[in-house]
Amino acid sequence: MLDVVRRPRRKGGGAVPFSALFWRLPGLRSLLLLTPPLAWFVVIYFASLVLLLITAFWTIDPFTAQIIQVWNTDNFARIIQEPAYRDIIGRTLLLAALVTLTDALLAFPFAYYMARIASRRMQTFLFAAVLLPLWASYLARVYAWILILNHSGVLNWSLQSIGLPPANIGYTNVAMWVVFSYIWLPFMIVPAYAALERVPESLLEAAGDLGARRWRAVRDVVLPLALPGVVAGSIFTFSLTLGDYITPVLVGGAGSTFIGNVVFNNIGIANNIPFAAALSMVPVAIMAVYLVVAYRLGAFEAM
Amino acid sequence: MEGFWTRVLLRLWVALILVFLFTPIVLIFLYAFNTSNIQSWPIPGLTLKWFSATIDDADIRSSLALSLQVGLIATAVALVLGSCAAFAIHRMTWFGKEVVSLMFVLPLALPGIITGISLNAFFSFGGVQLSTLTIIVGHTTFCIVVVYNNVLARLRRTQGSLVEAAMDLGANGFQVFRDITLPLIATAVVAGAMLAFALSFDEVIVTTFTAGAQNTLPLWIFGAIRLGQRLPEVNVVVSFVILVTIIPVVIAARLTGGGGAARVPAAR
C-alpha cells in the first residue's frame with residue numbers, strides 16, 4: 001500500500017511535493033497565481049476608482065485651488081443646477097444614442113449577409129475586412145475624416161463633380177455623428193454577426209413551412225434571436241461615444257462640447273479634480289443602468 | 001433562401017459599407033505622398049519628401065522611441081500578470097470567481113476617460129509626478145485585460161484531461177507546464193501580447209491623463225492635428241501607426257484563427 005502512496009524519486013524531484021500539494025489544493029495554486037495581478041488591480045486600479053468616487057464629494061478652495069477634504073455634494077448640485085452642464089450631458093447622450101442607432105441600422109444587413117448568405121471564403125474575407133479598420137489607429141481614422149470633410153476635401157470635391165452644392169459639415173455636430181458612426185461600426189458588426197450565425201437555418205425553414213414569407217420569418221424569428229448581439233454591440237458604440245473627448249476636439253465645433261471635454265479641462269486647465277470626478281460619475285452611472293438593461297436582454301451571452 | 005432581389009440589395013449594401021470602411025484609410029495613405037503641404041483633394045502629385053522630413057524630425061523620433069518603450073514594457077508586464085490571472089481564474093471554483101473576473105475586465109468595460117481620470121487623481125493624490133512610469137502603469141492596466149481575455153479563452157477550450165494524463169504518467173508540475181500546458185496556450189499568449197502592444201501603441205485617452213511633459217506618438221499626432229500644424233508629417237506618421245497596429249493584429253488573428261482579434265478591444 002505504501003508503494004502506491006510514495007511517489008517515485010527522480011532528479012530534480014524537489015518540485016514533486018510542491019506540484020502534488022498544488023494538485024491536492026488547487027485553491028493554493030490559484031491564490032499564488034492570483035496574488036500579483038490582483039494586487040496590481042486592487043492597489044492601483046481599484047484604489048484609483050474608489051479615490052475618484054471619494055474625490056467627487058470634495059471641493060476645491062476657489063482662491064488657492066487646494067482640495068478641501070470635506071464631505072459635501074456641491075459638485076453634484078452644480079451639475080444638476082447649471083443649464084450648461086445639463087445641455088452637455090444631453091448632447092453627449094443624444095449623440096451616443098444616435099450613433100448606436102445608426103450603427104445598428106448599418107451593421108445588421110451587413111452582418112446578415114455575412115452570416116447567412118456569404119460563402120465560407122467570403123465570410124473569412126469580410127471578417128478580416130471588418131477587423132482591420134477596427135484595429136487601425138483610432139486617431140488616424142478620425143484624422144482621415146478631417147481631410148474628407150474639410151472645405152476642400154474629398155466630400156465637397158465629389159459633390160461638385162456630380163453637380164451638387166458643397167456641404168459644409170466640417171467642425172459641426174453632424175461631422176461628429178458621421179465620424180463616431182464610422183469609428184465604432186466594426187464594434188457593432190462583430191457581435192451582430194456572431195449572434196446571427198448562431199440562428200439555425202432550420203428555424204427559418206420551420207417558419208416557412210408554417211406559411212411565413214421570408215421577410216416575416218426574418219422579422220419574427222431571426223430579429224428577436226439576433227437582438228442580444230445587437231445589444232452587445234450597442235454597449236460598445238454607446239459607451240465609447242459617451243466617454244470620448246478626442247473626436248469632439250478634433251472634428252467638433254463650438255457647440256460640440258462633450259462630458260469628456262469638461263472632465264478633461266477640469267483636470268488640466270481649471271485643475272478642479274473634485275468637479276471632474278463628480279462629472280465623470282455621470283457616464284459611469286449611465287453605463288451602469290445601460291449594462292443592467294443589456295444583461296436583462298441577454299447581451300452578455302452574445303459577446 | 002432569400003429571393004434574388006434581396007440578395008442583390010444585400011450585396012450592394014455590403015459593397016457600400018466596405019467602401020465606407022476603407023475609403024478613409026486608403027485616403028490617408030495617398031495623402032502621405034502628397035506633393036503639396038496643403039491638405040486638399042485631389043492631391044496635385046506624388047512625392048516621398050515627407051517621409052525623409054518625418055524621419056529627420058527629432059520630436060517624432062523621440063515620441064516614437066517613447067511609444068515603443070511604453071508598449072514593450074507594458075506588454076511584458078501584462079504578459080506575466082495577465083497569464084497568471086487567467087490561470088488562477090480558470091481553476092477557481094469558489095464564489096469570488098465572478099467578482100474577480102468582472103474586475104479584470106473593468107478597464108475595458110468602463111469608458112477610457114474613467115480609467116484615465118481615476119489614475120490621474122490617484123497619482124496626484126499620492127504625490128507621484130506624472131512621467132514615463134505613470135504612462136506605463138496606465139497602459140499595463142488595460143494590457144493585462146487583453147492578455148487575460150486571450151489566455152482564458154484558450155484555457156477554456158483546452159482539455160484538462162491532457163494535464164491529468166501527463167501527471168498519471170509521472171510528470172511533475174514543471175514538466176506538465178513545459179510539455180503540455182505551454183504548447184497548448186503559447187499561441188494565445190503571443191496573440192494576447194500582440195494585441196496588447198497594438199492597443200498600447202495607439203492609445204491616447206488614458207495617456208493624456210497619465211503623461212507629464214513627455215509625448216508618445218499618439219500624443220504628438222493629437223497635438224499636431226489639434227493645432228493644424230505639420231500636417232504633411234502627420235500624414236506619414238499616421239500611415240506608419242496604422243501599419244504598426246495592423247501587423248501585430250494580423251499575426252494575432254492567424255495564431256488564434258481570428259478569435260483573438262475579434263475579442264473587441266474597447267480600451268479607447
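Before looking at any helix pair, I noted that axes are lines fitted to C-alpha atoms, for helices over the stretch in contact, and that angles run from 0 to 180 degrees between N-to-C directions. I also kept in mind that this is a predicted model.

**Entry 1: a helix pair in chain B**

I looked up helix α7 (residues 160-168) of chain B and helix α8 (residues 173-202) of chain B, and found that their axes come within 10 Å and cross at roughly 145°. The crossing in which α7(B) passes α8(B) is right-handed. I then listed the residues that make this contact, which are L162(B), V163(B), A166(B) and M167(B) on the α7(B) side, and V176(B), D179(B), I180(B) and T181(B) on the α8(B) side. When I sorted the residues of this contact by class, I had six nonpolar, one polar and one charged.

**Entry 2: chain A as a whole**

I turned next to chain A, in which I found 14 helices and two strands. Its radius of gyration is 26 Å, whereas the globule rule gives 19 Å for 303 residues, so I wrote down that chain A is more spread out than a compact globule. Along the principal axes, the C-alpha atoms of chain A fill a box of roughly 95 × 75 × 40 Å. I also looked up burial, and 43% of the 303 residues of chain A count as buried. For contacts in chain A between residues at least 6 apart in sequence, I noted that 70% join residues at least 24 apart.

**Entry 3: a helix pair in chain A**

How far apart are the axes of α4(A) and α14(A)? For helix α4 (residues 74-81) of chain A and helix α14 (residues 273-296) of chain A, I found the axes 9 Å apart, with the two helices packing at an angle of about 60°. Angles of 65 to 115 degrees would count as roughly perpendicular and those under 35 as roughly parallel, and α4(A) and α14(A) are therefore oblique to each other. I recorded their crossing as right-handed. In this contact, N75(A), F76(A) and I79(A) of α4(A) meet P274(A), F275(A), A278(A) and L279(A) of α14(A). By class, the contact of α4(A) with α14(A) has six nonpolar residues, one polar residue and no charged ones.

**Entry 4: where the chains touch**

Last, I looked at the contact between the two chains, which takes 76 residues from chain A and 76 residues from chain B. On the side of chain A that touches chain B, helix α3 (residues 26-55) of chain A gives the most, with 18 residues. I sorted that side of chain A by class as well, and it has 62 nonpolar, 11 polar and three charged residues.

Terms used
Residues numbered from 1 in each chain as written. Chains lettered and ligands numbered in written order. Predicted model: local features only at pLDDT ≥ 70, side-chain atom pairs only at ≥ 80, totals over all residues. Helix = DSSP H or I, 4+ residues; strand = E, 2+ residues; numbered from the N terminus. Left-handed = near helix turned anticlockwise from the far one by under 90°. Contact = placed C-beta atoms within 7 Å. Nonpolar A, V, L, I, M, F, W, Y, C, P; charged D, E, K, R; others polar. Rg over C-alpha atoms; globule rule 2.2 N^0.38 Å. Buried ≥ 20, exposed ≤ 12 C-beta atoms within 10 Å, placed from the backbone. Parallel < 35°, antiparallel > 145°, perpendicular 65-115°, else oblique.
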